[in-house]
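The following exercises ask the reader to examine a protein model step by step. Each task is followed by a worked solution.

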Amino acid sequence: MNFQKKRCVAMLLAGGQGTRLYVLTENTAKPAVPFGGKYRIIDFPLSNCVNSGIDTVGILTQYQPLELNEYIGNGQPWGLNRSHGGVQVLPPYAGSKKSEWYKGTANAIYQNIKFIERYDPDNVLILSGDHIYRMDYAKMIKYHEEHDADITIAVRKVPMEEASRFGIMNTNPDGSIYEFEEKPKQPKSNNASMGIYVFKWSILKKYLTEDEENPNSENDFGKNIIPAILNDGHKLFAYDFEGYWKDVGTISSLWEANMELLGTDPEFNLYGDGSAPIFARNYALPSSYIDTGSKNVNCLIAEGCEIYGTVKHSVVSTGCRIRKNVVIEDSVIMPNTVIEEGVIIRNAIIGEGCVVHSGAVIGGSFREGEKRQIAVIGKEHVIEVNQVVKPGDVI
């Protein structure tokens with residue numbers, strides 16, 4: 001079959017196990033974790049692709065892919081149900097010679113070279129499936145082409161004390177990269193890689209193939225592919241990004257990102273100016289019912305909810321039922337959760353499909369100067385009558 005040539009194909013790495021999210025990813029791939037009341041984490045890079053005019057996206061899954069595959073479906077909610085391109089889920093598969101899991105980020109792309117070749121793209125955009133942000137990739141691709149770069153890496157400034165957690169670039173005044181270090185112990189700058197790359201396809205294919213043939217390689221973009229291309233004298237450029245961006249790979253960062261949606265001037269505005277909406281799969285739920293006896297202050301409440309209790313500075317996801325005399329503060333309630341009468345929840349994340357029986361107490365108050373302890377209840381867990389879950393506990 002002949003496929004239409006594409007200027008750019010996006011490859012979205014969505015196979016991470018997400019172990020730092022503990023019980024929230026025991027049975028769910030990290031990109032499928034609920035976020036912001038009505039979304040999943042993967043909605044953000046997918047929506048960015050659509051809003052950037054990128055209509056061909058490969059999603060590389062591996063760990064607990066079932067829920068993510070069902071959620072993506074044919075890509076219709078994001079306008080990616082197309083006959084030429086669209087979205088395609090790409091799990092590891094059995095080849096004629098051998099079958100193996102994706103060994104690293106670079107190996108995952110290598111195993112899908114044939115998918116990319118179908119579209120003969122000029123460029124390949126590599127994305128991660130576990131970041132919350134709004135970005136116009138078209139501007140980055142234009143920058144990449146204007147500089148005739150072999151690789152363009154999206155970068156943002158981070159505090160120097162956090163720089164050792166990232167791939168760090170040192171750049172010339174024109175934005176060209178002369179040094180790249182993956183998670184250096186003593187970083188020389190705070191120009192941190194966001195894990196968003198634009199490659200010339202001809203260059204990427206060559207180095208993926210060479211990397212796969214190296215038995216000592218970790219098959220990783222930051223550790224192997226990018227340093228190899230830089231060392232061979234190719235043109236690498238940094239693309240500065242100054243908007244909101246959050247890696248939600250930990251309990252604390254997932255909680256923080258949800259809290260940063262709240263308020264009259266949120267750090268991340270889901271509403272924006274309407275030009276770059278975040279798309280999601282919607283389930284035709286009715287409008288939420290807010291009872292006259294409830295009190296709701298500075299919160300997001302998604303559709304399909306029944307709210308009879310008090311919700312303050314919290315995110316309540318689709319299809320939740322919150323009964324009378326409930327107090328929820330500084331918390332994230334994931335979809336289809338039932339919270340019975342007299343429950344108190346503070347500084348907590350309650351997983352999808354949980355039932356919290358009457359009189360239970362989850363988490364606790366936070367005092368300035370203390371480290372915030374987030375209590376976490378895993379997906380579809382049942383909290384018994386009057387059960388106490390202490391701050392920081394994970395169930």
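**Exercise 1.** In which sense do β15 and strand β18 pair, and over how many bridges? Place this pair in its sheet.

*Solution.* The model under study is a predicted one.
Step 1. Strand β18 comprises residues 310-312, and its pairing with β15 is parallel, over three bridges.
Step 2. Within this pairing, Asn 296 lies opposite Val 311 of β18.
Step 3. The pair belongs to an open sheet of six strands, ordered β15-β18-β21-β24-β27-β30 and paired in parallel.
Step 4. The edge strands of this sheet are β15 (295-297) and β30 (388-389), each of which pairs on one side only.
Step 5. As a general principle, the strands of a sheet are joined through backbone hydrogen bonds, in either a parallel or an antiparallel manner.

**Exercise 2.** Consider the open sheet with the order β14-β17-β20-β23-β26-β29. Explain why one side of β14 and of β29 is left without a neighbour in the sheet.

*Solution.*
Step 1. This open sheet has six strands, and their pairing is parallel.
Step 2. At its edges stand β14 (289-290) and β29 (382-383); each has a single partner strand, and therefore one side of each lacks a neighbour in the sheet.
Step 3. For β14, a parallel pairing with strand β17 (residues 306-307) is formed by two bridges.
Step 4. In β17, Ile 307 is the residue opposite Ile 290.

**Exercise 3.** Describe the surroundings of strand β4 (residues 56-60).

*Solution.*
Step 1. Residues count as buried when their relative accessible area is under 20%. By this criterion, five of the five residues of β4 are buried, and the strand is mostly covered.
Step 2. The two faces are then examined separately. One side carries Thr 56, Gly 58 and Leu 60, the other Val 57 and Ile 59; all of these are buried, and both faces of β4 are thus covered.
Step 3. Strand β1 (residues 8-13) runs parallel to β4 and is joined to it by four bridges. Here Leu 13 is found opposite Leu 60.
Step 4. Strand β5 (residues 86-89) likewise runs parallel to β4, with four bridges between them. In this pairing, Val 57 faces Val 87 of β5.

**Exercise 4.** Which residues of helix α8 are buried, and what covers them?

*Solution.*
Step 1. Helix α8 spans residues 251-259 and is mostly covered, with seven of its nine residues buried.
Step 2. The buried residues are Ile 251, Ser 253, Leu 254, Trp 255, Ala 257, Asn 258 and Met 259.
Step 3. Their cover includes the strands β2 (34-35), β13 (245-247), β19 (315-316), β22 (332-333), β25 (348-350) and β28 (375-377).

**Exercise 5.** Determine what the radius of gyration indicates about the protein as a whole.

*Solution.*
Step 1. The protein contains eight helices and 30 strands.
Step 2. A compact globule of 395 residues would have a radius of gyration near 21 Å; the protein has 22 Å, which agrees.
Step 3. The C-alpha trace spans about 65 × 50 × 45 Å along the principal axes.
Step 4. Of the 395 residues, 53% are buried.
Step 5. Among contacts with a separation of 6 or more, 59% are between residues 24 or more positions apart.
Step 6. The accessible surface is about 17900 Å², and carbon and sulfur atoms account for 46% of this area.
Step 7. The protein has 40 positive and 49 negative charges, whose mean positions are 2 Å apart.

Conventions
Residues are numbered from 1 along each chain as its sequence is written. This is a predicted model: local features need pLDDT of at least 70, side-chain atom pairs count only at pLDDT 80 or more; totals for chains, interfaces and linings use all residues. Side-chain values use heavy atoms; hydrogens and water are left out. Buried means under 20% relative accessible area, exposed over 50%, partly exposed in between (1.4 Å probe, protein chains only). Two strands pair if DSSP finds at least two bridges between them. The radius of gyration is taken over C-alpha atoms; the globule rule is 2.2 Å times the number of residues to the power 0.38. Contact means heavy atoms within 4.5 Å. Accessible areas come from the Shrake-Rupley method with a 1.4 Å probe; for residues, only the protein chains shown count as cover. Lys and Arg count as positive and Asp and Glu as negative; His and the chain ends are not counted. The place of a charge is taken as NZ of Lys, CZ of Arg, CG of Asp or CD of Glu.
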